[in-house]
Amino acid sequence: MDWFGRARISFTHAANPLPLKKKDGTATNLLEVCKKATPPCQLNPLLFNGHIQTMWTSMKEEAPHIYYRRKIFDADHKTYNGSFAVDFAVPQHDDHDEALPPRTAYFSEDDFSKIGSNDKKPMLIVLHGLSGGSYESYLRHAIAPLVLNDGGWEACVVNARGCANSEVTSGVLFNARATWDVRQVIKWATKTFPNRPLFGMGFSLGANIITNYVGEEGDQCPLKACISVGNPFDLELSNKALQRNIIGHHVYQRVMGTNMKKLIARHKDAVLQHTKLDFDRIQNLTYLYEFDREVQTVTWGYPTENAYYRDASSSDAVLAIKIPYLAISAEDDPIAVQEAIPYQEIEHNPNTVLCATSLGGHLSWFELGGGRWHTRPICNFLQSMYNEIDLDAINPIANGKPDDTEIKARFDPVRRKLQIILD
């Protein structure tokens with residue numbers, strides 16, 4: 001039992017974790033880096049379980065002030081057309097557009113045209129959770145030590161289409177496997193900042209998306225390392241777990257469903273113009289799985305919401321990851337539930353490590369005094385990878401050699417069931 005908010009910490013990893021070389025020439029491995037980056041987890045004892053931790057996020061808490069400049073990117077993929085907003089962390093400014101989240105203003109065309117640089121600063125590319133954005137407190141807590149007070153890092157947040165007061169400009173909405181926008185931003189960043197080491201991080205749904213992205217890219221992934229926080233991994237299993245109990249069904253599913261309905265309502269004109277969705281029917285829904293049934297299946301052609309969940313899950317994609325990857329989860333998370341964590345897949349892949357705390361809720365980890373515990377392992381891991389590890393010497397290794405079998409076979413962990421048919 002965990003007493004007075006002191007959470008247990010456990011690590012899941014391969015028998016032989018990815019070897020890493022330090023800049024001083026000494027040897028270490030991914031597991032040792034992750035353990036060193038992870039401090040004791042002492043949470044607020046008054047928030048003594050996952051439900052209370054998670055519900056506390058609805059309180060008006062103080063979070064670091066991150067200032068952003070926004071750029072609208074036009075999608076460069078003919079199938080996934082439209083546009084999306086990327087918010088770049090910048091020094092404090094006095095500009096504000098009332099149509100945007102707090103402390104956020106657009107880049108001028110002239111300023112953005114000069115953004116390119118040959119500097120060697122580390123850069124973090126972040127994905128937020130369901131219906132959120134760059135303004136989320138859990139996200140601002142996580143990146144603040146890196147970008148504020150001469151932290152030395154650059155960072156940007158890829159907002160899901162329609163989120164964070166961005167506009168919907170096509171019938172291509174986001175889903176749990178929407179890797180196309182983050183892929184475009186990472187390609188753009190490699191060209192715009194050719195000397196910067198790039199790192200990735202995702203929260204909740206964003207963690208699922210970036211895990212899928214890293215798996216899809218395999219040994220060609222441009223990122224040097226990736227962090228996944230509060231990842232639901234197996235979306236079908238997580239959905240069923242939520243429906244099994246009263247709080248999961250009538251609180252979390254209802255709240256998430258309501259948030260998605262509000263998102264559609266905000267973009268009513270664009271939805272009616274660009275899609276065949278039944279707006280009135282969507283507004284009469286209650287739960288998230290009903291929303292996915294009415295929106296994701298109609299938009300993408302999945303026969304059921306469960307088929308969508310299975311295809312969009314990132315649990316198998318873990319097997320295809322070829323860069324250093326740290327997943328941070330709470331075992332009492334009532335949304336990204338413990339039973340959905342792909343323990344076997346993580347143990348099979350030497351490039352991946354799971355850090356699990358016994359307490360923490362969903363993207364919560366509230367400490368006494370208002371801090372968030374997840375900030376420290378995130379920043380410690382990223383700083384260690386950048387400052388101590390010879391990134392050019394990383395040599396991703398096979399995700400475990402398959403045993404000899406009677407039948408010669410190849411398992412593709414990132415094969416999509418849904419195939420887009422172009423006219």
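Two strands count as paired here if DSSP finds at least two bridges between them. With that in hand, let's look at a predicted model and at two of its elements, strand 14 and helix 13. Strand 13 (residues 325-330) and strand 14 (residues 352-357) clear that bar with six bridges, running parallel. Both strand 14 and helix 13 are mostly covered.

**Strand 14 and its neighbours**
- On the parallel side, alanine 327 has leucine 354 of strand 14 as its bridge partner.
- To get from strand 13 to strand 14, the chain passes through helix 14 (residues 343-348), and this β-α-β crossover is right-handed.
- Strand 2 (residues 9-13) also pairs with strand 14, this time antiparallel and over five bridges.
- In that antiparallel pairing, phenylalanine 11 sits opposite cysteine 355 of strand 14.

**Which way the strand 14 side chains go**
- As a reminder, side chains in a regular strand alternate between the two faces of the sheet.
- In strand 14, Thr352, Leu354 and Ala356 point one way, while Val353, Cys355 and Thr357 point the other.
- Whichever way they point, these residues are all buried, so the count for strand 14 is six out of six, with buried meaning under 20% relative accessible area.

**Helix 13**
- How many of the eight residues in helix 13 (residues 305-312) are buried? Six of them are.
- The buried ones are Glu305, Ala307, Tyr308, Tyr309, Asp311 and Ala312.
- What covers them? The cover for the buried residues of helix 13 includes helix 6 (205-217), helix 7 (235-243), helix 11 (288-294) and helix 12 (296-300).

Key:
Residues are numbered from 1 along each chain as its sequence is written. This is a predicted model: local features need pLDDT of at least 70, side-chain atom pairs count only at pLDDT 80 or more; totals for chains, interfaces and linings use all residues. Side-chain values use heavy atoms; hydrogens and water are left out. Buried means under 20% relative accessible area, exposed over 50%, partly exposed in between (1.4 Å probe, protein chains only). Helices (H or I, at least four residues) and strands (E, at least two) are DSSP runs, numbered from the N terminus. Contact means heavy atoms within 4.5 Å. A crossover is right-handed if, with the strands pointing away from the viewer, the path from the first strand over the helix to the second runs clockwise.
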